[in-house]
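Me: I am new to this one. Take me through the labels, and tell me what earns each of them.

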Amino acid sequence: MLKASDIKYSYNSTRVFEFPEILCQSGESLLLLGPSGCGKSTWLHLMCGLLKSQNGLIQIQDTDITKLSASAMDLFRAKNIGVVLQKSHFISSLNVLDNLLLFQTLGGAIKNLDFICELLNQLGILGLINQNIQSLSQGELQRLNFARALIHKPKIILADEPTSALDDYHADLIANIMLEHAKSMNASLVIVTHDLRLKKLVNHQVQLS
């Protein structure tokens, strides 16, 4: 479960982002829509603790993450939150499999090669499992981003423009896999996007202005 209320954030004194109350129960999915510049990515970074909220409540399961120290937040994220960021952040010296195995175990989970292969196969990139990160296209990296977000079976999945670099076929593929896995893991899924193709797939929606 993800609950956020009274959330505000300012990078400087010229503009303050104010966000509506959000509630996404376990097993539910939510689409957070809005144009560029409305603060969608800022909101997601606050929800996963990459930015420190300046006020308000951000509750994930039974934990208010605004009360956690930086080190405690890092561990909590590794155990409980799957994040798909717009930019890929993989270790270039490791191949696809080693990147996923590393991330899978950061929060203390046991290595699960079968689950990794299952995810990569569903995403159509199983053949890349031993490839160097530098050899992947932008679309392949986008799909690998999603595999990494699910690899530790998190309680919360936060996806920032997960379909932006994908054609219609792969956008539908990614969205449906996200929804399927969120439901099967009883996880809360929030997709932050301006991609209106996703509106037909996710029933619960919140508009940012």
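Me: What makes E8 and E11 the edge strands of the open sheet?
Reply: This is a predicted model. The sheet has five strands in the order E8-E9-E10-E5-E11, with parallel pairing. Strand E8 (81–84) and strand E11 (204–207) each pair on one side only, so they are called edge strands. Neighbouring strands of this sheet are turned by 15° against each other on average, direction ignored.

Me: How do you know that E8 pairs with E9?
Reply: A pair needs at least two bridges. Four bridges join E8 to strand E9 (residues 156–160), so they count as paired. The two run parallel. Val 84 stands opposite Ala 159 in E9.

Me: Why is Cys 24 called buried?
Reply: Buried means under 20% relative accessible area. Cys 24 has 1%, so the label fits.

Me: How do you know that Cys 24 is in no disulfide?
Reply: The two sulfur atoms must be within 2.5 Å. For Cys 24, the nearest cysteine sulfur is that of Cys 48, 15 Å away, so there is no disulfide here. A search of the whole structure finds zero disulfides.

Me: Why is Cys 117 called partly exposed?
Reply: Partly exposed lies between the 20% and 50% limits. Cys 117 has a relative accessible area of 24%, so it falls in that range.

Me: What makes Leu 102 fit for a nonpolar surface patch?
Reply: Patch residues need over 30% relative accessible area. Leu 102 has 36%, so it passes that cut-off. Leu 102 lies in helix H3 (residues 96–105). With Ile 91 and Leu 106, Leu 102 makes a patch of about 250 Å².

Key: Residues are numbered from 1 along each chain as its sequence is written. This is a predicted model: local features need pLDDT of at least 70, side-chain atom pairs count only at pLDDT 80 or more; totals for chains, interfaces and linings use all residues. Side-chain values use heavy atoms; hydrogens and water are left out. Buried means under 20% relative accessible area, exposed over 50%, partly exposed in between (1.4 Å probe, protein chains only). Patches are made of residues with over 30% relative accessible area and no salt bridge: like charges are joined within 9 Å, nonpolar side chains (Val, Leu, Ile, Met, Phe, Trp, Tyr) within 5 Å. Accessible areas come from the Shrake-Rupley method with a 1.4 Å probe; for residues, only the protein chains shown count as cover. A salt bridge is a side-chain nitrogen of Lys or Arg within 4 Å of a carboxyl oxygen of Asp or Glu. Axes are lines fitted to C-alpha atoms, for helices over the stretch in contact, and angles run from 0 to 180 degrees between N-to-C directions.
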